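Q: Please take a close look at a single helix in this model and at the parts around it. I am a first-year student, so explain each term when you use it.

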Amino acid sequence: MIEEAVPEARGASDRTPADRTAPRTIAVWDLPLRLWHWTLAICVLVAWFTPTVYDRLHRIVGYTVLGLLAFRLVWGFWGSRYSRFRMVGVRLRAAPHYLLNLRRGITGRYIGLNPAGTLMLVALLASLAVSTITGAMSVTATFFGVWWVEDTHRYSSDAVIVLVVLHVLGVVLMGILQRENLVRAMFTGRKRIRNRL
């Protein structure tokens, strides 16, 4: 399902049918969102490999992730069209049906995040919030050594890594099913769309 009709380019009626069905691209992910995405990915990987070995670096990237989460919350309301959270509720309600269809190879066509991607976004943001907040709590005098804070931090951090792996697998799967390089789209900000005849 295409959520947005892309207007025909001027002079489209002069083009041959083959030209009109050639792939085009549309701007989807803005630069701040793309920088946020890749910075967050790097910070999560660094945080995963540094606890108890490089505690100072672990704390720095943890606080950086907190800042990135705050930015994403703001950008979800004031960013460009596909960065906003305006469709999150609708997509979350559609996610179970979408995942059932996905088992049959029915992917639909979304310019922004599809329902499965939206579900992953919410799950990752929630897990990251719990992980970073409990991580920050665990280095305070009040909560240092408190078992439930440390356990929550550990389990939510593990959940983040599991979700990251599922996210990467999902991107690869959707790229194969839709014959589109979705990783490149997160670098360039553009996704492929076909013209109508």
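A: What follows describes helix α3, then the helices beside it, and last two loop residues.

This is a predicted model, in which local features need pLDDT of at least 70 and side-chain atom pairs count only at pLDDT 80 or more, while totals for chains, interfaces and linings use all residues. Residues are numbered from 1 along each chain as its sequence is written, and side-chain values use heavy atoms, with hydrogens and water left out.

Helices here are DSSP runs of H or I with at least four residues, strands are runs of E with at least two, and both are numbered from the N terminus. Helix α3 has 24 residues and spans 35 Å from its first C-alpha to its last, close to the 34 Å expected at 1.5 Å a residue. The expected span is 1.5 Å times one less than the number of residues.

Buried means under 20% relative accessible area, exposed means over 50%, and partly exposed lies in between (1.4 Å probe, protein chains only). The buried residues in α3 are H58, V61, V65, L68, L69, R72 and G76. An α-helix has 3.6 residues a turn, so residues three or four places apart point the same way. The buried residues of α3 pack against α2, α5 (115-137) and α6.

A nonpolar core is a set of buried Ala, Val, Leu, Ile, Met, Phe, Trp, Tyr and Cys residues joined through side-chain atoms within 4.5 Å. The largest one has 27 residues, of which L40 and L128 touch the most other members. Two or more residues of this core come from each of α2, α3, α5 and α6. Helix α2 gives the most, with six residues. In soluble globular proteins, nonpolar side chains tend to be buried together. Contact means heavy atoms within 4.5 Å. Leaving aside neighbours within four places in sequence, L128 is in contact with L40, V44, V65, L69 and V160.

Next comes the pairing of α3 with α5. Axes are lines fitted to C-alpha atoms, for helices over the stretch in contact, and angles run from 0 to 180 degrees between N-to-C directions. The axes of α3 and α5 come within 9 Å and cross at roughly 135°. That angle makes α3 oblique to α5; angles under 35 degrees count as roughly parallel, over 145 as roughly antiparallel, 65 to 115 as roughly perpendicular and the rest as oblique. The crossing of α3 and α5 is left-handed, a word used if the near helix is turned anticlockwise from the far one by less than a right angle, with right-handed used if clockwise.

Helix α5 also pairs with α6. Their axes come within 8 Å and cross at roughly 150°, which makes α5 roughly antiparallel to α6. This crossing is left-handed as well. Residue S127 is found in α5 and counts as buried, at 14% relative accessibility. Setting aside neighbours within four places in sequence, S127 is in contact with S156, A159, V160 and L163.

The loop residues come last. T52 lies in the loop between α2 (31-49) and α3 (55-78), and its phi is near 65°, a positive value in a residue other than glycine. Most residues other than glycine have a negative phi. T52 is exposed, at 71% relative accessibility. R179, in the loop between α6 (147-178) and α7 (182-188), has a positive phi of about 50° although it is not a glycine. R179 is exposed too, with a relative accessible area of 74%.
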